[in-house]
Amino acid sequence: MLKDITLGQYYPATSILHRLDPRVKLVGTLVFIITLFAFGSVSSYLVAAAVLVIVIVLSTVPVGFILRGLRMIFVLMLITALLNLFLTPGEPVVRIWKFQITAEGIRMAIHMAVRLSFLIIGSSIMTLTTTPNQLTDGLETGLGWMGRLHIPIHEIAMMMSIALRFIPILMEETNRIMSAQKARGADFDSGGIIRRAKALIPLLVPLFVSAFRRANDLAMAMEARGYRGGGGRTKMKPLIYQTRDYVSYGIIAGYAAAMFLTWKFVEIQVSFLP
């Protein structure tokens, strides 16, 4: 299951998305997330799905590799759907003992499942086509104006970059610890969900020890190299907008407008939706 985590990983390729400025991809992802939750209709979801398909094709990242990340949020989606089904007030459709499923709950559960799926896929595409260093530079440069408000943008971007970089490292470390414990007779695969969850508890102590050790090594390495924050630092590869980046901004604006117009003026009725 740990191998299914794609968020935070980078997939090396030479696609047009990989060559885009990281600020464009950050803005595009932000606009995609905002429009996804602001315009909740079937027509707008179809537009978002079409855009995701086009972006996946342009990224040249295997579809199976991207969709693999959805397995990790299946439990979250299931819990969210159940909460929406039984706790959303409205017109009852099904009664189970003292609980009832409402039409509004079914609608909300479907909307949340679609939004979470699109959210994970869109965020994964951004991290799969952008290195952690590019994300750090994009955040720091794009939000540099916030430094005038005494907000430590460089430190925030650095922390996010380190967190994303540690995801695959911790996954690899967890797999190594699991392999070592399996060789000593540990069983992580048999039994139900609760039993398998309990079997993972012995992984926590060595995993936390390894994570703290790596964090300490990283801090010592940064200090040994004279790292003192973002003030006065120069970049080996400064970010410069190209023609394709300006075109991409226009496409992002067009996508936002299309989402609004379809939500406002295009109504699609689906028979299985209450």
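**Exercise 1. Aromatic pairs**

Find how many aromatic pairs this predicted model holds, and work out which class the pair Tyr 241 and Tyr 249 belongs to.

*Solution.* Let's start with the total: the count comes to seven aromatic pairs. For Tyr 241 and Tyr 249, the ring centres are 5.7 Å apart and the planes meet at 70°. Step one is the distance: rings pair if their centres lie within 6.5 Å, and 5.7 Å satisfies that. Step two is the angle: planes over 60 degrees apart count as edge-to-face, so the 70° of this pair makes it edge-to-face.

Now add the surroundings of the two rings. Tyr 241 has a relative accessibility of 26% and counts as partly exposed. Tyr 249, at 25%, is partly exposed as well. Both values fall between the 20% limit for buried and the 50% limit for exposed. Elsewhere, one aromatic cluster is formed by Phe 39, Phe 260 and Trp 263.

**Exercise 2. Checking two helices**

Compare the end-to-end reach of helices H11 and H10 with the span expected at 1.5 Å a residue, then say what their buried residues pack against.

*Solution.* Take H11 to begin with. This helix runs over residues 243-265 and has 23 residues. The expected span is 1.5 Å times one less than the number of residues, which gives 33 Å for H11, and its end C-alpha atoms are indeed 33 Å apart. The buried residues of H11 are Asp 245, Ser 248, Ile 252, Tyr 255, Met 259 and Thr 262. They pack against helix H2 (22-38) and H3.

Next comes H10, covering residues 201-224, which makes 24 residues. From its first C-alpha to its last it reaches 35 Å, close to the expected 34 Å. Leu 203, Leu 207, Ser 210 and Ala 211 are buried in H10, and the buried residues of this helix pack against helix H8 (153-183). Just after H10, Gly 226 has a positive phi of about 80°.

**Exercise 3. Two neighbours at the end of H3**

Decide whether Ser 59 and Thr 60 are buried or partly exposed, and describe where each one sits.

*Solution.* Ser 59 lies in helix H3, which spans residues 42-59. Its relative accessible area is 1%; buried means under 20%, so Ser 59 is buried. Beyond residues up to four places away in sequence, Ser 59 touches Ala 13, Ser 15, Leu 17, His 18 and Thr 129. Look at Thr 129 in that list: it is 70 residues from Ser 59 in sequence, yet their C-alpha atoms are 7.1 Å apart in space.

Thr 60 belongs to the loop between H3 and helix H4 (63-67). With 46% relative accessibility, Thr 60 counts as partly exposed. Its backbone deserves a look too: phi is positive, about 60°, although Thr 60 is not a glycine.

**Exercise 4. An exposed loop residue**

Locate Arg 184, classify its exposure, and give the separation of its C-alpha atom from that of Ile 96.

*Solution.* Arg 184 is in the loop between H8 and helix H9 (193-199). Its relative accessibility is 70%, and exposed means over 50%, so Arg 184 is exposed. Along the chain, Arg 184 and Ile 96 are 88 residues apart, and 46 Å separates their C-alpha atoms.

**Exercise 5. The whole chain**

Describe the protein chain by its elements, its box, its contacts, its surface and its charges.

*Solution.* Count the elements: there are 11 helices and two strands. In sequence order the pattern reads α-α-α-α-α-β-β-α-α-α-α-α-α. Along the principal axes, the C-alpha atoms fill a box of roughly 65 × 60 × 40 Å.

Then turn to burial and contacts. The chain has 274 residues, of which 34% count as buried. Among contacts between residues at least 6 apart in sequence, 76% join residues at least 24 apart.

Finish with the surface. About 16,900 Å² is exposed, and carbon and sulfur atoms supply 69% of it. As for charge, the chain carries 27 positive and 15 negative charges, and the mean positions of the two sets are 2 Å apart.

Key
Residues numbered from 1 in each chain as written. Predicted model: local features only at pLDDT ≥ 70, side-chain atom pairs only at ≥ 80, totals over all residues. Heavy atoms only, no water. Helix = DSSP H or I, 4+ residues; strand = E, 2+ residues; numbered from the N terminus. Buried < 20%, exposed > 50% of the residue type's maximum accessible area, 1.4 Å probe, protein only. Contact = heavy atoms within 4.5 Å. Areas by Shrake-Rupley, 256 points an atom, 1.4 Å probe, with all protein chains shown as cover. Lys, Arg positive; Asp, Glu negative; His and termini not counted. Charge placed at Lys NZ, Arg CZ, Asp CG, Glu CD. Phe/Tyr/Trp six-rings, centres within 6.5 Å; stacked < 30°, edge-to-face > 60°.
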